[in-house]
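The following exercises train the reading of a protein model. Please study the sequence and the structure, attempt each task, and then compare your reasoning with the worked solution.

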Amino acid sequence: MIFLLAAAATVAAAVVAELVLPGRLVYHAGWYNVTLAALVVVTFAAGRGCYRRAQTARGRIAALAVVAGTAFAGFAGVTSGLFAPDNSTYAGVPGQRVRVESLGTLVFPLASADDSELGSVSLERPPRSTLALGDRRRDIGGFIVRTVERGVVYVEARDLRGNRLTVTQPSGSVFLSPVLLMQHRQTIAGLDVPFDSFNVPAMRRIVKAIAFTPAQAAMMLHGGAMPGESAVLFAVDDDKDRPLRNAIALSAGGRAVRIGGLVLRGSAASYPAVEVVAAPNLLVVIFGLLLVLGGAVALFSGPRRSPARS
């Protein structure tokens, strides 16, 4: 009996760990899932022996409950580890709707660069339910959905007379948006920094924007960044992707700079992204754990042999 409960507890602990600490690469490793499946087989063998040795119907039912519960929990863990997709992070600009297979549609909140508070990302699920994600993680079927903060850059372009110009992103996820998701990276002077690009069609300009954290901005000589200020480095090309002369400038702390016939402003900010992590089905795991717990209680609280009377 002790061996049966020890094997069942090991399987339960492994599956619970996948729920409490989701997203670890080890859960998708072949050796991990083979070991988990082997422990389920060991539990079955031990439970079979306990069933045969049980002297009461209560003991036999308790052994079956432990084996069945371990099988449910272990199956949920192995299925998630072997067949579930890898972790994914979905980034969107304000107001964008992003379709996620098997989950629904993510709707990103509207915002502007000077908003002090943002709404939460919501998940629209068929047929007509909407779930606000907020700052909490959500267990949805075989997935855990949670919001994470990521850096974006709000950009503004004007001509030299102060007229605001339309910003487009031909290679971005949303064509008409002043929010750069900064999903590419490059190394500049030994610093690994994110970058993105946008177009200013009215002026036939292509602008590359590189974001620097406050610490990185402070390392740049003559950048004009005050302590604690982030910065955005702009490089302006013409519509043929040819660099313009003296068309590189640093916008520190969201201050405007004149460059390439434009007045550009870049403001670094945080914006929610959504991380989707595969996990064992919560309802199946709970059902399995309840069976294991109920069976264990029944085994330990079963009737004891009374001492023989003389």
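**Exercise 1. The partners of β7**

How many bridges join β7 to β16, and in which sense do these strands run? Identify also the other partners of β7.

*Solution.* The model is a predicted one.

Step 1. Strands β7 and β16 run antiparallel and are joined by 16 bridges. Within this pairing, V155 is placed opposite G266 of β16.

Step 2. Strand β6, residues 138–140, is also antiparallel to β7, with three bridges between them. I140 has F143 in β7 as its bridge partner. The two strands form a hairpin with two residues between them, and in the turn G141 has a positive phi of about 60°.

Step 3. β8, residues 164–165, joins β7 through two bridges in an antiparallel arrangement. Here R158 lies opposite R164 of β8. Five residues separate the strands of this hairpin, and G162 adopts a positive phi near 95°.

Step 4. Strand β9, residues 179–180, is likewise joined to β7 by two bridges and runs antiparallel to it. V153 is the residue opposite L180 in β9.

**Exercise 2. An open sheet**

Determine the strand order of the open sheet of five strands, and explain which strands stand at its edges.

*Solution.*

Step 1. The order is β10-β11-β12-β13-β14, and the pairing is antiparallel.

Step 2. β10 (184–188) and β14 (243–252) each have a single partner strand, so one side of each lacks a neighbour in the sheet; these are the edge strands.

Step 3. On average, neighbouring strands of the sheet are turned by 30° against each other, with direction ignored.

Step 4. Consider one pair inside this order: β12 (residues 205–212) and β13 (residues 231–238) are antiparallel and share eight bridges. A209 is found opposite F234 of β13.

**Exercise 3. The nonpolar cores**

Which residues have the most contacts inside the largest nonpolar core, and which element gives the most to this core?

*Solution.*

Step 1. The largest core has 23 residues, and those with the most contacts inside it are L103, L106, F108, L133, V145 and V274.

Step 2. Two or more residues come from each of the elements β2 (97–100), β7 (143–158) and β16 (262–278).

Step 3. β16 gives the most, namely five residues.

Step 4. There is a second, separate core of 21 residues, with V153, A211, F234 and A247 among them.

Step 5. A general tendency may be recalled here: in soluble globular proteins, nonpolar side chains tend to be buried together.

**Exercise 4. Aromatic rings**

Classify the pair formed by W31 and Y32 from the geometry of the rings.

*Solution.*

Step 1. The structure contains five aromatic pairs. In the pair of W31 and Y32, the ring centres are 6.0 Å apart and the planes stand at 80°, so the pair is edge-to-face. The reasoning rests on the cut-off that planes over 60 degrees apart count as edge-to-face.

Step 2. W31 and Y32 belong to one aromatic cluster together with Y27.

Step 3. W31 is exposed, because its relative accessibility is 58%, whereas Y32 is buried, because its value is 14%. The limits that apply are over 50% for exposed and under 20% for buried.

Step 4. A ring can also have a charge over it: the charged end of K208 sits over the ring of F195, 4.5 Å from its centre.

**Exercise 5. Positive phi outside glycine**

For S102 and N246, state the phi angle, the place in the chain, and whether the residue is buried or exposed.

*Solution.*

Step 1. S102 has a positive phi of about 75° although it is not a glycine. S102 lies in the loop between β2 and β3 (104–107). With a relative accessible area of 54%, S102 is exposed.

Step 2. N246 is not a glycine either, yet it has a positive phi of about 50°. N246 belongs to strand β14, and at 69% relative accessibility it counts as exposed.

**Exercise 6. A contact in a helix**

Which backbone atom does the side chain of Q216 reach?

*Solution.*

Step 1. Q216 is located in helix α4 (residues 214–219), and it counts as buried at 15% relative accessibility.

Step 2. The side chain of Q216 reaches the backbone nitrogen of T213, at 3.1 Å.

Conventions. Residues numbered from 1 in each chain as written. Predicted model: local features only at pLDDT ≥ 70, side-chain atom pairs only at ≥ 80, totals over all residues. Heavy atoms only, no water. Phe/Tyr/Trp six-rings, centres within 6.5 Å; stacked < 30°, edge-to-face > 60°. Buried < 20%, exposed > 50% of the residue type's maximum accessible area, 1.4 Å probe, protein only. Lys NZ or Arg CZ within 6 Å of the ring centre and 35° of its normal. Core = buried A, V, L, I, M, F, W, Y, C linked by side-chain atoms within 4.5 Å. Helix = DSSP H or I, 4+ residues; strand = E, 2+ residues; numbered from the N terminus. Pairing = 2+ DSSP bridges. Axes fitted to C-alpha atoms, helices over the stretch in contact; angles between N-to-C directions. Polar contact = N/O pair within 3.5 Å; in protein donor to acceptor, adjacent residues only side chain to side chain.
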